[in-house]
Amino acid sequence: MHGRFAVALAWGGLTAMLAGCSSGKDAGARADSAHADSAATAGTMPAPHADSAAATSAGAAGGGALTSDITAAENSWRIAVTGGDTVELGRITAPGFTMVGSTGPASTVTRANLMKQVSQGMLQADSSSVSNLTVNGSGDSATADLTFFWHVSRNGKPAKAETMQVTDSWVKKDGRWQLASRKQKAK
């Protein structure tokens with residue numbers, strides 16, 4: 001009984017610490033953060049938000065440590081962008097980061113643009129999830145194909161649910177995985 005209490009106390013403290021460290025803008029982002037962190041620790045992916053029509057995958061088969069590392073990195077990025085945490089976004093995105101939308105170069109967002117949009121509240125999300133994650137790579141580079149869902153508001157407009165298929169390119173620098181690019185697949 002004492003052991004279970006200690007474990008529960010430790011998890012409660014970890015969850016409180018993670019929620020306190022996040023600069024999430026609302027309880028939904030903090031709940032997503034805690035859910036994703038506990039799922040990543042357990043080695044499973046969180047289920048997508050109830051509004052999402054995307055299918056759920058319990059994680060990619062194979063890849064062992066690389067899949068686990070990229071899964072954790074994907075969740076860190078997702079939680080940072082959803083929670084408005086520009087400190088974590090700065091840490092986890094590579095300096096040359098670009099995010100290319102489904103319309104191609106005209107819809108490209110740079111790291112500086114993303115940070116500005118998030119810090120000024122022009123891009124706000126109250127929930128997000130990652131599913132159908134498959135990881136390929138070795139050494140210090142990897143790609144992740146996944147379904148990304150979020151409930152997002154842009155430029156003060158009402159929030160809407162968006163689901164997109166993306167390919168993320170990750171690089172490992174100084175022992176940390178950083179998101180080098182995100183490319184949305186055409187619909």
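Colleague: What follows helix 3, and what is the sign of its phi?

Modeller: Gly84 follows helix 3, and its phi is positive, near 75 degrees. This is a predicted model, in which local features need pLDDT of at least 70, side-chain atom pairs count only at pLDDT 80 or more, and totals for chains, interfaces and linings use all residues. Residues are numbered from 1 along each chain as its sequence is written, and side-chain values use heavy atoms, with hydrogens and water left out.

Colleague: How do you know that the span of helix 3 agrees with its 20 residues?

Modeller: Helices are DSSP runs of H or I of at least four residues, and strands are runs of E of at least two, numbered from the N terminus. The expected span is 1.5 Å times one less than the number of residues; for helix 3 that should be 28 Å, and its end C-alpha atoms are 28 Å apart, which agrees.

Colleague: What makes helix 3 largely enclosed?

Modeller: Buried means under 20% relative accessible area, with a 1.4 Å probe and protein chains only. Of the 20 residues of helix 3, 14 are buried, so the helix is largely enclosed by the rest of the structure.

Colleague: Why are strand 2 and strand 3 placed at the edges of the sheet?

Modeller: Two strands pair if DSSP finds at least two bridges between them. Six strands form an open sheet in the order 2-1-6-5-4-3, with mixed pairing. Strand 2 (104–110) and strand 3 (123–138) each have a single partner strand, so one side of each is left without a neighbour in the sheet.

Colleague: How do you know that strand 5 and strand 6 pair?

Modeller: Eight bridges join strand 5 (residues 160–173) to strand 6 (residues 176–184), whereas the definition asks for at least two. The two strands run antiparallel.

Terms used: Buried means under 20% relative accessible area, exposed over 50%, partly exposed in between (1.4 Å probe, protein chains only).
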